[in-house]
Amino acid sequence: MTAIVEERRESIKEIVTDILEIDPDEVTETSLFKEEHDADSLRAIEILAALEKTFNIVIDQSELSRMVNLRGVYEVVSGAAGW
């Protein structure tokens with residue numbers, strides 16, 4: 001993994017953990033936001049909006065269904081950003 005990819009992943013993780021108010025050590029690439037971290041749909045929209053602002057991208061709300069864990073968020077963001 002390149003340094004730039006690692007940096008983007010860290011940035012995404014930071015946004016997610018800030019909004020969900022959880023310790024970064026508690027979240028893994030595959031831990032489920034809703035089931036394991038008590039995220040609700042409002043938090044999911046907050047995450048989407050923060051990612052759009054941070055990376056200057058547009059994410060379709062239909063992508064929220066894929067954004068259930070960090071891996072899904074990385075895939076959606078990288079797709080929207082064209083990484």
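Four salt bridges are counted in this structure, which is a predicted model. One of them joins Arg71 to Glu29, with the closest N and O atoms 3.2 Å apart, and this pair links distant parts of the chain, since Arg71 sits in helix α4 and Glu29 in the loop between α1 and α2, 42 residues apart. The points below take up the charged pairs, a patch of negative charge on the surface, a polar contact between the side chains of Ser31 and His37, and the loop residues Asp38, Asp40 and Asn56.

**Salt bridges around Arg71 and Glu29**

- The pairing of Arg71 with Glu29 belongs to a wider arrangement, in which Arg9, Glu29 and Arg71 are linked in a network of salt bridges.
- Arg71 has a relative accessibility of 41% and therefore counts as partly exposed, the range for that class lying between the limit of 20% for buried and that of 50% for exposed residues.
- Its partner Glu29, at 29% relative accessibility, also counts as partly exposed.

**Salt bridges around Arg66**

- Arg66 forms a salt bridge with Glu63, and here the closest N and O atoms are 2.9 Å apart.
- The side chain of Arg66 also meets that of Glu75 in a salt bridge, with a distance of 3.8 Å from N to O, which is within the 4 Å allowed for such a pair.
- Arg66 is partly exposed, its relative accessible area being 37%.
- As for the two acidic partners, Glu63 counts as partly exposed at 23% relative accessibility, and Glu75 counts as partly exposed at 41%.

**Negative charge on the surface**

- A patch of negative charge on the surface is formed where Glu6, Glu10, Glu14 and Asp18 gather.
- Glu6, one of the residues of this patch, has its place in helix α1, which covers residues 3-20.
- With a relative accessible area of 37%, Glu6 is partly exposed, and this value lies over the 30% that is required of patch residues.

**The contact between Ser31 and His37**

- The side chain of Ser31 makes a polar contact with the side chain of His37 at 2.9 Å.
- Ser31 is found in the loop between α1 and α2, the latter helix covering residues 33-37, whereas His37 is found in helix α2 itself.
- Ser31 is buried, with a relative accessible area of 3%, and His37 likewise counts as buried, at 10% relative accessibility; both residues are placed in this class because their values fall under 20%.

**The loop between α2 and α3**

- Asp38 lies in the loop between α2 and α3, and its phi is near 55°, a positive value in a residue other than glycine.
- At 69% relative accessibility, Asp38 counts as exposed.
- Asp40 also lies in the loop between α2 and α3, but with a relative accessibility of 41% Asp40 counts as partly exposed.
- A polar atom of the side chain of Asp40 lies 2.9 Å from the backbone nitrogen of Arg43.
- Computed along the sequence, Asp40 and Pro24 are 16 residues apart, while their C-alpha atoms are 18 Å apart in space.

**The loop between α3 and α4**

- Asn56 has its place in the loop between α3, which covers residues 41-55, and α4, which covers residues 70-81.
- Although Asn56 is not a glycine, its phi is positive, at about 55°.
- Asn56 is exposed, with a relative accessible area of 72%, a value that lies over the limit of 50% for this class.
- The C-alpha atoms of Asn56 and Gly72 are separated by 18 Å, and the two residues are 16 residues apart along the chain.

Note on methods. Residues are numbered from 1 along each chain as its sequence is written. This is a predicted model: local features need pLDDT of at least 70, side-chain atom pairs count only at pLDDT 80 or more; totals for chains, interfaces and linings use all residues. Side-chain values use heavy atoms; hydrogens and water are left out. Patches are made of residues with over 30% relative accessible area and no salt bridge: like charges are joined within 9 Å, nonpolar side chains (Val, Leu, Ile, Met, Phe, Trp, Tyr) within 5 Å. Accessible areas come from the Shrake-Rupley method with a 1.4 Å probe; for residues, only the protein chains shown count as cover. Lys and Arg count as positive and Asp and Glu as negative; His and the chain ends are not counted. The place of a charge is taken as NZ of Lys, CZ of Arg, CG of Asp or CD of Glu. Helices (H or I, at least four residues) and strands (E, at least two) are DSSP runs, numbered from the N terminus. Buried means under 20% relative accessible area, exposed over 50%, partly exposed in between (1.4 Å probe, protein chains only). A polar contact is a pair of N or O atoms within 3.5 Å; within protein, one must be able to donate a hydrogen and the other to accept it, and residues adjacent in sequence count only if both atoms are side-chain atoms.
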